[in-house]
Amino acid sequence: MPEVDYPEFRHVGLVVRDIERCVAFYQELGFEVLVDNQDSAPLISDLLGLDVRSLRVVKLGRPPEATCVELLGFDPVIDSSRPPLNGTGITHFALTVENVDTFYEAHRHSGSFLSEPRVSFDGRFKLVFCRDPEGNVIEVVSAKPHPSSI
């Protein structure tokens, strides 16, 4: 029987209108620019069958981890409406932090949070949701179990 090559999660790609503003947002969250490539249009046009004049790809992550946020600045970009959070398809991605309350206090000035931090439905973790400058929803979850679940 052949050995199975199981996939690992690599990145989430977000098409954005204002790539500079989004890069600044993710850098404020502690991400570093890993790749900043302005010349991706020919390859992506060919791979996806799109007519793209230019494409800037900025990958942000936290070395040495490989998982990252990939910001895609297409020209032209098609402004499409987002599905509701309870609609089918991708609604959000999640980040892990050491302490959700500390993260919330450090970034609440951005006004992007959907609520204050809450304890998860099973009582194990604290979490909060926020939006990036383009409206993409991010779930922020504590790395350690909530004290009430221990």
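Rings of Phe, Tyr and Trp (its six-membered ring) pair if their centres lie within 6.5 Å; planes under 30 degrees apart count as stacked, over 60 as edge-to-face and the rest as tilted.

The model is predicted: local features need pLDDT of at least 70, side-chain atom pairs count only at pLDDT 80 or more, and totals for chains, interfaces and linings use all residues. Residues are numbered from 1 along each chain as its sequence is written, and side-chain values use heavy atoms, leaving out hydrogens and water.

**Exercise 1. Find the aromatic pairs and the cluster that holds F25.**

Solution.
- Start with the count: the structure holds 4 aromatic pairs.
- Take F25 and Y26. Their rings are edge-to-face, 5.0 Å centre to centre, with 90 degrees between the planes.
- Check burial (under 20% relative accessible area; exposed is over 50%, partly exposed in between; 1.4 Å probe, protein chains only). F25 and Y26 are buried.
- Extend the group. F31 joins F25 and Y26 in one aromatic cluster.
- Now take Y104 and F113. This pair is also edge-to-face, at 4.8 Å and 70 degrees. Y104 and F113 are both buried.

**Exercise 2. Work out the strand order of the open sheet of 4 strands, and say which strands stand at its edges.**

Solution.
- Set the terms. Helices (H or I, at least four residues) and strands (E, at least two) are DSSP runs, numbered from the N terminus. Two strands pair if DSSP finds at least two bridges between them.
- Read the order: 5-8-7-6, with mixed pairing.
- Find the edges. Strand 5 (92-97) and strand 6 (118-119) each have a single partner strand, so one side of each lacks a neighbour in the sheet.
- Test one pairing. Strand 5 runs parallel to strand 8 (137-142) over 6 bridges. Within it, A94 has E139 as its bridge partner.

**Exercise 3. Place helix 3 (100-107) and identify its buried residues.**

Solution.
- Locate the helix. Helix 3 lies across strands 5, 7 (126-131) and 8, at about 30 degrees to strand 7. Axes are lines fitted to C-alpha atoms, for helices over the stretch in contact; angles run from 0 to 180 degrees between N-to-C directions.
- List the buried residues: V100, F103, Y104 and H107. They cover an arc of only 100 degrees around the axis, so they sit on the same side of helix 3. The arc is taken from the directions from the helix axis to the C-beta atoms.
- Find their partners. These buried residues pack against helix 1 (19-28) and strands 5, 7 and 8, where contact means heavy atoms within 4.5 Å.
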